[in-house]
Amino acid sequence: MKLETLAIHGGNQISEKEKPVVQPITLSTTFMHQEDSMVYSRANNPNRQALEKLLTRLEFGEDAAAFSSGNAAGVAVFQALDPGSHLVAPDDMYHGLRAAILDLFDGVLEVDFVDMTDPENVSKALKPNTKLIWLETPSNPLLKISDIHAIAEISKGAGTILVSDNTFATPVFQNPILLGADIVMHSSTKFFGGHSDIMGGALITKKEDSFWKKIRNVQKMGGAVPSPMDCYFLCRSIKTLPYRMKGHAEHAGQLATFLMAHPGVEAVYYPGLVSHPGYSVASKQMSGFGGVLSFLVKNGAEAADHLISNLKYFTNATSLGGVESLIERRAESENAETLTPQNLIRVSVGLEHLDDLLADMDQALAAI
């Protein structure tokens, strides 16, 4: 099946004798004991099984594990590592997972944060006890681009596991497993959910190896799993994912071009711009550039806050990937140790009419 067909039909498991077109929601927490049947919903559930099978196929893996949030998915990877393991992570790593490594695994795991836009930095950071390389491309919030294939070759040579956070690109625009990654991570709260009303996370593996079995055990024993209702709605939302992503990317590209030409803007970070330092690599490994961009406003944080307060169609809120446009001064949402510039604004460009979005941004910039 092509992507659009798979997104619509791959998340349905029909077993009832009435043969409903859409798979029902199975809310039962427990199941009657039968041979080869499900036992308890923390371990498995028909709706979660359908979602995991769909995610597996979308990302060209062998298996997938769904979690109750993106952070839960990421933390499950870290929990599966042996104590004393070293990992290499990007300097522009999503702050929620960066904080999880530093806070929850302090004294348990070692970590070095490096600029992964240059693969040589990854090579230099490797140690004898390095077990995992964590990759995020495009990154959050600076939209940095890293060469997945090049880093996969480094990882393979070092005998480490490569995990690639594919939240910004989604499988519509990028497939890390096909480029050499071992595991793909998603915050399914974002574009998979697509309507700012579902929390979830996911991991998809290239091989069901011993490390994957550890992750599966963390999922089962830890119990940070999505509800049947959330799995149902994620399957429903993914049906429109290919078409939504095309709209998000088109609007983000147009807004990025508009901002590049505006005198009130210092810089724009969007991998679809030819001026972006990662444009060449992004063009090679992505079929589209996604729906998120960031930009720097002149005159600092106060001007950035003033701009946001004057917008009508961009909602000042954390998160991304919904049909509505969301905007925030990113440093304000991160911790005190943030490396994000104080005047950086991150935008998740929605599916409102492009003319309305451009006009709204233009009037807000004129007011600062």
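Is cysteine 231 buried or exposed? In this predicted model, cysteine 231 is buried, and its relative accessible area is 1%. Cysteine 235 also counts as buried, at 8% relative accessibility.

The structure contains zero disulfides. For cysteine 231, the nearest cysteine sulfur belongs to cysteine 235 and lies 7.0 Å away. For cysteine 235, in turn, the nearest cysteine sulfur is that of cysteine 231, at 7.0 Å. A disulfide requires two cysteine sulfur atoms within 2.5 Å, so a pair at 7.0 Å does not qualify. Cysteine 231 is accordingly in no disulfide, and cysteine 235 is in none either.

Helix 8 spans residues 210–222 and has 13 residues. From its first C-alpha to its last, helix 8 reaches 18 Å, close to the 18 Å expected at 1.5 Å a residue. Five names make up the list of buried residues in helix 8: Phe211, Trp212, Ile215, Val218 and Gln219. These buried residues cover an arc of only 110° around the axis, which means that they lie on the same side of helix 8. An α-helix has 3.6 residues a turn, so residues three or four places apart point the same way. On the other side of helix 8, the residues Ser210, Lys213 and Met221 are exposed. Helix 8 thus has a side with buried residues and another side with exposed ones.

After helix 8 comes glycine 223. The phi of glycine 223 is positive, near 75°.

Technical notes
Residues are numbered from 1 along each chain as its sequence is written. This is a predicted model: local features need pLDDT of at least 70, side-chain atom pairs count only at pLDDT 80 or more; totals for chains, interfaces and linings use all residues. Side-chain values use heavy atoms; hydrogens and water are left out. Buried means under 20% relative accessible area, exposed over 50%, partly exposed in between (1.4 Å probe, protein chains only). Helices (H or I, at least four residues) and strands (E, at least two) are DSSP runs, numbered from the N terminus. The expected span of a helix is 1.5 Å times one less than its number of residues. The arc is that of the directions from the helix axis to the C-beta atoms.
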